[in-house]
Amino acid sequence: MRYSASVNLQLMEISVRNMKYIYLLFFFVSFSLNAGIEDDPYKNITYMQLDNGLQVYILSDDKAKNTQIELTVAVGTDVENEQTFGLSHLVEHMVFRDKRVPHRDYLDYIKEQGASYMNGYTSRYKTGYSATIESEKSFWIVEMFAKMLFDKEVELEDLVSEKGAVQTEIGAYEWMDKPFEYFVNVLEMLAPPQPDIYRDDFSLADITAQPAYFNQKINNQTFTLEEVMSHYETYYYPANMILKIAGNFDALKMKEQVQKYYGSIEKKGTEKAIEPIEIPILNQLPYHLFLEGTAENAGYIGLKYVMDDYTKYLIINTYLDNLALRLQQNLRNDLGHTYSIYASGSNRGKARVAYIYFDGLHDEFETNIIAVRQAINDDLEYLSDETIDEALKEYKKHYTSIEHDSASLMKLIGTSQYLKEEFNSTTSSYQFFKNINHKDFRNVLKDAFVEEHQYAVISREYHLFPYDISILSLCSFVMIFIMYFRLYHFDVVAGKAACAYRNIIMSRRISNRFVGFFYIIGIYYVSVFLWSWIKYLTLTYIMGNNAYLYSIDVPYSYIWTISDMVLGIVLFLLLCRYVFPYYARLVVTKEGICLIGHRVKTILQEDIVALKIVSWKPTTLLKSFGLSMLFWKPLLEVSLANGSKIYIRNKNVQHLKEDIEKHFI
């Protein structure tokens, strides 16, 4: 029995020791899980949708000093046409008005009550209202916003005041606004499509144009109170709104306040501004753009990708932040080859570009380009666990070092809202981040940083010597100036000696200098548009890439930059000489009449049958020589032996006729 008791005692001791280990393990697991939750800045965000359709986000933080409220309405300029353009903006202003509050204006009233910020905005798809106030008035500001948005009593007096404020904001209508807008639109329509990475590389459609801005200036003067209130009643209903509240308050009480003041609103509607859903489709060509003669050396090297997975987005950002830090330690801290180097990017919806930005002086800049590319290639070959851990540790600060001000808290709500709307996910951004492992990290980078998805924009100040492009441009201008004023010498050299200076008897201007100047400017712009179309069609349908010429690096890009100038000048001169010839003056010689300008038109004396003054007619336009603002004035008709006729302009054709007859008869 003693043996049996001894065995039982030993078993009990072992069981106790095992239980200690189990409890210890349970403690560490619980601590780890709680630590992860404690680090999550999104953990206290509450989302709810009221019975009337209003969506609500609430985030309470007892370390915040202020509370911020933001309410957005799905209405904006996208629901407007030329006749109603600007109505949503005016309604935004009118929402602040109410005859029952001090100053008849919630904006001034709420600021008087302690708000440090109070404003509204109108965009294409959204109208928003926001305010920041001390936390003690958190519940009061929520109540005031409900009254401001849903309980309106406004009169004509309010409309007149707000129309004046809006007119001051957008500017008064000037008579030049409309023709200038139309002129710009015509130029845009005549020009070929410009390279656009989101259209060309992500297959996204061009953003549809809105009504001309001047329409808003005109319409604002004519909107009636009935039109304003009808627009308000159509779009301002709870199911078309999102309410966000962030700050220091009791979260449970805030929910009750929201339910009390917003949940009781029974207003319904169906109209809303709907932002189109864009589905980017990434092409399989790298995006390279090389520019010379820019204001500074600047490099943007990275990748283009579709954000179809939020984890992918986090990994790419985490990696580029870490890469920028490592490159900074080398290129800036050790070598002093750059001043700025950081990770950044741009996007249109889920079509995204992410890159490392860097600068540098001329010689160092070239080595910086090599260093950035080599660092990316090396990481794709082998990225150590230590580097990944360091990158994740550094990026975690985006979550653990968030300030406790209401603006930062509102950004957290914005991220949660984005994940819900774009990915239908209630998982927080931090939880996405915490779930990243080494394998996922490497796989995402390997799939994303492929050659066909490379992104590189390189801008250089110069290639051969400082200001080389500027100097070459100046030389091109001098060349075009000289060649333009010597165009007619091609005809002189060709043997048309009848117009030699030694034979000139008299000379008269047949074109107005002012009109002639604008005529030449017009030819220049025609040549610019024509040359742009030639390049666009050639590159698009022959080379298969309308930005091909900008995708080649030095020295070929430099050669093209110079060639582009030269070929543009040649086209301009050809148009001047063969398509739109301009004749500035008339000279009379012993042999006949010479019309001199871009070309030389010679009329021998024996070919002239008769001179006669005739009225201007549209049919004489293409046969006329000379330019004048008073184009309808009489012309000098010259009848030739071959039966043809030409017409010459002059400010006094009677005197011109008499002078020519005096020398020929």
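Ile 356 sits among residues far from it in sequence. Leaving aside neighbours within four places, Ile 356 is in contact with Gly 299, Tyr 300, Ile 301, Leu 320, Leu 323, Ala 324, Leu 327, Ile 341, Tyr 342, Ala 343 and Val 372. This is a predicted model.

**Nonpolar cores**

Ile 356 belongs to the largest nonpolar core, which has 54 residues. Together with Leu 314, Leu 320 and Phe 441, Ile 356 touches the most other members of this core. Helix α11 gives the most to the core, with 11 residues. Domain 2 (45–263) and domain 3 (287–460) both give residues to this core, so the core lies between them. Another core lies apart from it and has 53 residues, including Phe 139, Leu 159, Val 228 and Ile 245.

**Pockets and cavity**

The table sets out the open and enclosed spaces.

| Space | Volume | Nonpolar residues in lining | Polar residues in lining | Charged residues in lining |
|---|---|---|---|---|
| Largest pocket | about 1,500 Å³ | 18 | 8 | 14 |
| Second largest pocket | about 1,200 Å³ | 25 | 8 | 6 |
| Largest cavity | about 40 Å³ | 7 | none | 1 |

Take the largest pocket. Its lining has 40 residues. Tyr 125, Glu 275, Pro 276, Glu 421 and Glu 422 lie nearest its centre. Five elements give two or more residues to this lining: β3 (66–73), β6 (241–247), α11 (310–334), β9 (341–348) and α15 (406–423). Which of them gives the most to the lining of the largest pocket? That is α15, with 6 residues. Domain 2 (45–263) and domain 3 (287–460) each supply at least three residues of the lining. These two domains also both give residues to the largest nonpolar core. Helix α11 takes part in both settings: it gives two or more residues to the lining of the largest pocket, and it gives 11 residues to the core.

The second largest pocket is lined by 39 residues. Phe 477, Ile 480, Phe 481, Tyr 524 and Phe 572 lie nearest its centre. The elements giving two or more residues to its lining are β7 (287–292), α18 (468–485), α20 (513–543), α21 (556–579), β13 (583–589) and β14 (592–597). Helix α20 supplies the largest share, 11 residues. Where does the second largest pocket lie with respect to the domains? Domain 3 (287–460) and domain 4 (467–662) both give residues to its lining, so this pocket lies between them.

The structure holds 1 cavity of 30 Å³ or more. Val 91, Met 94, Val 95, Lys 152, Val 154, Val 228, Met 229 and Tyr 232 line it. Helices α2 (87–95) and α9 (225–235) each supply at least two residues of this lining. Val 228 has a second role, as a member of the core of 53 residues.

**Buried sites**

How many residues of α2 are buried? The count is 9 of its 9 residues, and the helix is mostly covered. The buried residues include polar and charged side chains as well as nonpolar ones: among them are Ser 88 and Glu 92, along with Leu 90 and Val 91.

Gln 68 has its place in strand β3. This strand is one of the elements that give two or more residues to the lining of the largest pocket. Is Gln 68 buried or exposed? Its relative accessible area is 14%, and buried means under 20%, so Gln 68 is buried. Not counting residues up to four places away in sequence, Gln 68 touches Ala 131, Thr 132, Lys 244, Ile 245, Ala 246, Ser 406, Ala 407 and Met 410. One of these partners, Ile 245, is a member of the core of 53 residues.

**Backbone features in loops**

A cis peptide bond joins Val 554 and Pro 555, with omega of about 5°. Pro 555 is placed in the loop between α20 and α21. Both of these helices give two or more residues to the lining of the second largest pocket.

Asn 424 is not a glycine, yet it has a positive phi of about 50°. Asn 424 is found in the loop between α15 and α16 (429–434). Its relative accessible area is 69%; exposed means over 50%, so Asn 424 is exposed.

Tyr 467 also has a positive phi, of about 60°, although it is not a glycine. Tyr 467 lies in the loop between β11 (454–460) and α18. With a relative accessible area of 62%, Tyr 467 is exposed.

Definitions and conventions: Residues numbered from 1 in each chain as written. Predicted model: local features only at pLDDT ≥ 70, side-chain atom pairs only at ≥ 80, totals over all residues. Heavy atoms only, no water. 1 Å grid on protein atoms, 1.4 Å probe; cavity = no way out; pocket = protein on both sides within 12 Å on 5 of 7 lines; lining within 4 Å. Points joined across faces, edges and corners; volume = space filled by probe spheres on them. Helix = DSSP H or I, 4+ residues; strand = E, 2+ residues; numbered from the N terminus. Domains from an automatic or database assignment. Core = buried A, V, L, I, M, F, W, Y, C linked by side-chain atoms within 4.5 Å. Buried < 20%, exposed > 50% of the residue type's maximum accessible area, 1.4 Å probe, protein only. Contact = heavy atoms within 4.5 Å.
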